[in-house]
Amino acid sequence: SLGSNQYQISLGLLSGGSHTVVVHLVASSSYAAASATVTLSVQKASAAVALAPTSGTYGTAIPLVLNVSGLSGTGYAGPTGSVSLVIDNQAPLTATVSGGKAGFNTPPTLTAVTHSLNFNYSGDSNYAAQTLGSTLAVKQASLVATALPASRAFGVANPAFTGTLTGVVNGDGITATYLSQATATTAAGTYSTGVNAITPVLADP
């Protein structure tokens, strides 16, 4: 009892939304029993959404984890529902919230620039919808072009130089040719540096 004609009743934890509460007053020597029905509206709590730190390289599927945290303490339900992710203006990706997390993998074709990320948490019966904007910087992939050794006699034209190219991803049509400015009259010797060395030249169509 809170005083004259006022009472406080503990209802425990209620989910968000509207609830019907029926209050019964027992009969006394002076008053008959009575009851009343009221509607109680419980507002949804706010979930905290945060993107876990991440980085990645062009040509790989970069994992993204959005943390969706609810109220702390005994008896509180954790957030459920789903999260949609829009990268730049591409079609949305969708993930289910499980254990306070929603996980995504970016397409490996994301170019090596900074991309916009827009997350939209759907909310559930206890937690309101939330949005979060962020960015993702995709690093360049590493290309390694290595010229293979070659030799010739003095006074003879250069042979066709060859080499190896590694690190090309996504089927990109990058190629390498191998050139040297040495001529038939270049002095005999071994050239591992400088203009007479065999140098890879990359072409990216």
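**Entry 1: Ala197**

I began with Ala197, which lies in the loop between strand E15 (175–179) and strand E16 (199–203). I note here that the structure is a predicted model. Is Ala197 buried or exposed? Its relative accessibility is 5%, so I entered Ala197 as buried; the cut-off for that word is under 20% relative accessible area.

I then asked which residues touch Ala197, apart from its neighbours within four places in sequence. I found contacts with Leu179, Ser180, Tyr191 and Ser192. Leu179 falls within the range given for strand E15 (175–179).

**Entry 2: Pro149**

I next looked up Pro149, which sits in the loop between strand E13 (144–147) and strand E14 (163–166). Its relative accessible area is 80%, and Pro149 is therefore exposed; the word applies over 50%.

How far apart in space are Pro149 and Ala197, C-alpha to C-alpha? I recorded 9.8 Å, for two residues that are 48 residues apart in sequence. I set this pair beside another: Ala197 and Leu64 are 133 residues apart in sequence, and their C-alpha atoms are 44 Å apart in space.

**Entry 3: Thr106**

Leu64 led me to Thr106, since Leu64 appears among the contacts of Thr106. Leaving out neighbours within four places in sequence, I listed the contacts of Thr106 as Thr60, Ala61, Ile62, Leu64, Ile87 and Leu136.

Thr106 is placed in the loop between strand E9 (101–105) and strand E10 (114–121). With a relative accessibility of 2%, Thr106 counts as buried.

**Entry 4: the chain as a whole**

I turned to the protein chain. How many helices and strands does the chain have? I counted 0 helices and 16 strands.

For overall form, I noted that the C-alpha trace spans about 125 × 30 × 20 Å along its principal axes. The radius of gyration is 34 Å, whereas a compact globule of 205 residues would have a value near 17 Å.

What share of the 205 residues is buried? The figure is 20%, and both Ala197 and Thr106 carry that label.

**Entry 5: contacts, surface and charge**

I restricted the contacts to residues at least 6 apart in sequence, and 52% of these join residues at least 24 apart.

The accessible surface of the chain comes to about 13,100 Å². Carbon and sulfur atoms account for 54% of that surface.

Last, I looked up the charges: the chain has 4 positive and 4 negative ones, and their mean positions are 10 Å apart.

Definitions and conventions
Residues are numbered from 1 along each chain as its sequence is written. This is a predicted model: local features need pLDDT of at least 70, side-chain atom pairs count only at pLDDT 80 or more; totals for chains, interfaces and linings use all residues. Side-chain values use heavy atoms; hydrogens and water are left out. Helices (H or I, at least four residues) and strands (E, at least two) are DSSP runs, numbered from the N terminus. The radius of gyration is taken over C-alpha atoms; the globule rule is 2.2 Å times the number of residues to the power 0.38. Buried means under 20% relative accessible area, exposed over 50%, partly exposed in between (1.4 Å probe, protein chains only). Contact means heavy atoms within 4.5 Å. Accessible areas come from the Shrake-Rupley method with a 1.4 Å probe; for residues, only the protein chains shown count as cover. Lys and Arg count as positive and Asp and Glu as negative; His and the chain ends are not counted. The place of a charge is taken as NZ of Lys, CZ of Arg, CG of Asp or CD of Glu.
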